[in-house]
Amino acid sequence: MKQSILIIGLALAAGATVLLAGDAAVPRAPAAVSFRSVVTANGPVLYPYSIAAGDLNGDSFPDMAVVSEENDQGLAHALGKGDGRFGRWSFKGGVGDAPGFVLLADVDGDGNLDAVTTDITQSFVTVAFGDGRGHLSRGIQPDTGTDCTTVQLAVADINGDGVPDIVGTCDTGPSNPGKIFVLLGEGQRKFKRVVHFGSGGHLPIGIAVGDLNHDGIPDLVVANWGQDAGPYGNLAVLLGRGDGTFGTPTSYHAGIHPTELTLVDLNGDGDLDVVVSSNLGVYVFLGKGDGTLSSPEVYHPGDYPSWVLSADFNGDGIPDLAVANNTNPNPCHVTILLGKGDGTFQPPVAFRVGDGPTGLITADFNHDGKPDLATLTGPSGITVLLNTTPFPAPSHPR
């Protein structure tokens with residue numbers, strides 16, 4: 001799905017306070033979190049669209065993979081050097097004609113990370129198998145069925161047989177009900193025939209897997225982007241049945257055109273919570289532990305918050321949020337919302353990045369024990385933000 005589709009919508013509601021890190025013209029909060037940038041000005045592909053990180057060669061340093069809808073040359077991946085920078089880019093590894101999303105996960109259960117990509121023009125996903133030494137194969141392309149050009153995906157064992165499965169979202173067009181595809185793994189790098197489920201809205205994009213009701217069965221959460229003229233999208237929860245099928249979607253209002261989401265326990269009650277980005281802000285839904293969600297709190301980290309993820313960025317043991325704000329022209333920012341431990345957040349602190357940040361990932365890129373960030377910027381750039389926050393000293397029992 002084209003980036004222009006993702007960011008069209010209403011402007012961010014006014015009244016938000018954003019603290020710009022390093023910007024003397026804006027009042028600052030206490031320095032509770034800090035980053036420095038390592039910018040790769042010339043990325044591997046033109047107009048990169050999705051980015052992923054993981055250890056492809058077993059050296060404990062995160063490696064990186066990038067795809068672009070405009071480039072079918074191959075899957076671009078590079079090995080991390082452990083200092084926030086990366087080695088030579090390789091294009092070995094299969095993709096489709098217009099790869100729009102990449103995920104690094106162990107699809108075949110051999111202990112090595114593989115690269116899984118979607119395709120905005122084709123009804124399949126591509127799995128490029130890793131060999132554990134940093135190389136990716138041309139792989140396989142499981143079919144996702146009629147009227148299911150693929151958008152995003154997740155890898156998880158959703159039917160409890162110990163074999164990884166692939167679930168993802170379909171682009172069926174703005175006027176048709178949205179679909180979710182499920183490819184159940186059979187082992188030996190094979191998958192069963194695809195099964196479709198309704199997404200509970202139109203144009204589903206983001207998808208995440210987690211157990212929302214403590215029954216030991218994975219459930220799905222989907223961000224439905226909606227339609228240009230309304231309805232403007234929703235968040236949908238589909239409870240798993242344990243056999244690879246799912247119940248009827250339960251939908252929640254999540255602003256205008258929700259896109260990306262993450263699942264995390266924000267308040268330490270043992271229940272998964274849901275955070276989703278939309279054109280009106282970041283919506284935080286606290287989970288009730290029974291598969292339902294509370295009414296959301298809305299945060300305004302910047303204009304057009306397009307990607308959101310969670311990690312503990314200041315070392316206090318409380319999950320925080322990072323948001324990529326896709327605004328053009330400059331300035332563009334990645335903002336951090338530090339968690340308070342009760343499911344609420346402090347005012348955002350913003351860090352400048354390049355034009356139109358697309359995609360956002362976290363990993364410890366320089367091997368110092370702190371979560372860093374990376375996002376795609378400009379026509380071919382990658383911005384790595386290294387975490388320089390002073391973490392609390394670890395306590396040692398007497």
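Tutor: Two strands count as paired if DSSP finds at least two bridges between them. The model here is predicted. One open sheet in it has four strands in the order β2-β29-β28-β27, with antiparallel pairing.

Student: How do you know that β2 pairs with β29?

Tutor: Six bridges join β2 to β29 (residues 381-387), and the two run antiparallel. The cut-off is at least two bridges, so β2 and β29 count as a pair. Within this pair, Thr 40 stands opposite Ile 382 in β29.

Student: What makes β2 and β27 edge strands?

Tutor: β2 (35-40) and β27 each pair on one side only. From one strand to the next, the twist averages 20°.

Student: Why are β9 and β10 called paired?

Tutor: The antiparallel strands β9 and β10 (residues 165-171) are joined by six bridges. Pairing needs at least two, so the condition is met. Val 155 stands opposite Ile 166 in β10. These strands belong to an open antiparallel sheet of four, ordered β9-β10-β11-β14. Its edge strands are β9 and β14 (195-198).

Student: Which residues lie nearest the centre of the largest pocket?

Tutor: Phe 101, Leu 103, Leu 261, Thr 262 and Leu 360, out of 27 lining residues. The elements that give two or more residues to this lining include β9 (149-156) and β27 (358-363).

Student: Why does Thr 262 count as polar and Phe 101 as nonpolar?

Tutor: Phe is on the nonpolar list, whereas Thr is on neither the nonpolar nor the charged list and therefore counts as polar. By class, the lining has 19 nonpolar, seven polar and one charged residues.

How values were computed:
Residues are numbered from 1 along each chain as its sequence is written. This is a predicted model: local features need pLDDT of at least 70, side-chain atom pairs count only at pLDDT 80 or more; totals for chains, interfaces and linings use all residues. Side-chain values use heavy atoms; hydrogens and water are left out. On a 1 Å grid over the protein atoms alone, a cavity is a set of points where a 1.4 Å probe fits but cannot get out, and a pocket is an open set with protein on both sides within 12 Å along at least five of seven lines; lining residues have an atom within 4 Å of a point. Axes are lines fitted to C-alpha atoms, for helices over the stretch in contact, and angles run from 0 to 180 degrees between N-to-C directions.
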